[in-house]
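Visitor: I would like to understand the labels people put on a model like this one. Could you walk me through them?
Guide: Gladly; let us look at it together.

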Amino acid sequence: MRFYPALIAAVAAERLAELVVAKRNLEWSKANGGKEFGAGHYPVMVALHTGLLAGAALESRRRRFTPALGGPMLAVTLAAQLLRWWCITTLGPQWNTRVVVVPGAMRVVAGPYRLIPHPNYVAVVAEGVALPLVGGAWRTALVFTVANALLLRTRIRVENDALRSLR
């Protein structure tokens, strides 16, 4: 199970890279008149995602790696990262960890957005289950999944309201 802390560290590094991109894109959005929606839930989202990484790392220390579960969950975790970056590159400067709408911007319907309305959240849900299960951290997977479902209920509503403002 020596590889698992490295996997958690790699996902944490990926999250930091996302924050760099998000900060740059937020600056671009604000320079173009962007308006943020639903900022109140953002700290909860940050805490939840930080808790996912910390919980998986801590809980996995008391678990054994089970190849029959860990192998497929590693594949799902990697696929979730690919989907997330497909979303980020498709949205370009409009992608953000915050909900920001730039007046006059067109709704993106290319890439994964031509298939489903919120593909980044498919990646988040898949990763929230799979990443902990790679290390056998089923409690972390369960707690994150329930908490994330509650958060996504709010987040998707906020995003849909923001997207309607593009019309």
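Visitor: Which residue follows α1, and what is the sign of its phi?
Guide: Gly 33 follows α1, and its phi is positive, near 80°. Before we go on, this is a predicted model, in which local features need pLDDT of at least 70 and side-chain atom pairs count only at pLDDT 80 or more, while totals for chains, interfaces and linings use all residues. Residues are numbered from 1 along each chain as its sequence is written, and side-chain values use heavy atoms, with hydrogens and water left out.

Visitor: How do you know that the span of α1 agrees with its number of residues?
Guide: Helices are DSSP runs of H or I with at least four residues, strands are runs of E with at least two, and both are numbered from the N terminus. The expected span of a helix is 1.5 Å times one less than its number of residues. For the 29 residues of α1 that gives 42 Å, and the end C-alpha atoms are 42 Å apart, so the two agree.

Visitor: Why is Glu 18 called buried?
Guide: Buried means under 20% relative accessible area, exposed means over 50%, and partly exposed is in between (1.4 Å probe, protein chains only). Glu 18 has 7% relative accessibility, so it counts as buried. This residue is found in helix α1, residues 3-31.

Visitor: What does Glu 18 touch?
Guide: Leaving aside residues up to four places away in sequence, Glu 18 touches Arg 84, Trp 85, Ile 88, Trp 95 and Thr 97. Contact here means heavy atoms within 4.5 Å. The buried residues of α1, including Tyr 4, Val 11 and Glu 18, pack against α2, α3, β2 (99-101) and α4 (119-134).

Visitor: What makes the rings of Phe 3 and Tyr 4 an edge-to-face pair?
Guide: Rings of Phe, Tyr and Trp (its six-membered ring) pair if their centres lie within 6.5 Å; planes under 30 degrees apart count as stacked, over 60 as edge-to-face and the rest as tilted. The structure holds two aromatic pairs. In the pair of Phe 3 and Tyr 4 the centres are 6.5 Å apart and the planes stand at 85°, so it is edge-to-face.

Visitor: Why is the pair of Phe 3 and Phe 65 called edge-to-face?
Guide: Their centres are 5.4 Å apart and their planes are at 90°, so this pair is edge-to-face. It links distant parts of the chain, with Phe 3 in helix α1 and Phe 65 in the loop between α2 (42-60) and α3 (67-91), 62 residues apart. Ring pairs thus join Phe 3, Tyr 4 and Phe 65 into a cluster.

Visitor: Are these three residues buried or partly exposed?
Guide: Tyr 4 is buried, because its relative accessibility is 1%. Phe 3, at 35%, is partly exposed, and Phe 65, at 30%, is partly exposed.

Visitor: How do you know that Arg 98 lies over the face of Tyr 42?
Guide: A charge sits over a ring if NZ of Lys or CZ of Arg is within 6 Å of the ring centre and within 35 degrees of the ring normal. Arg 98 lies over the face of Tyr 42, at 3.9 Å from the ring centre.

Visitor: Why is Leu 152 called buried?
Guide: Leu 152 has 11% relative accessibility, so it counts as buried. Its place is in helix α5. Leu 152 and Tyr 121 are 31 residues apart in sequence, yet 7.9 Å apart in space, C-alpha to C-alpha.
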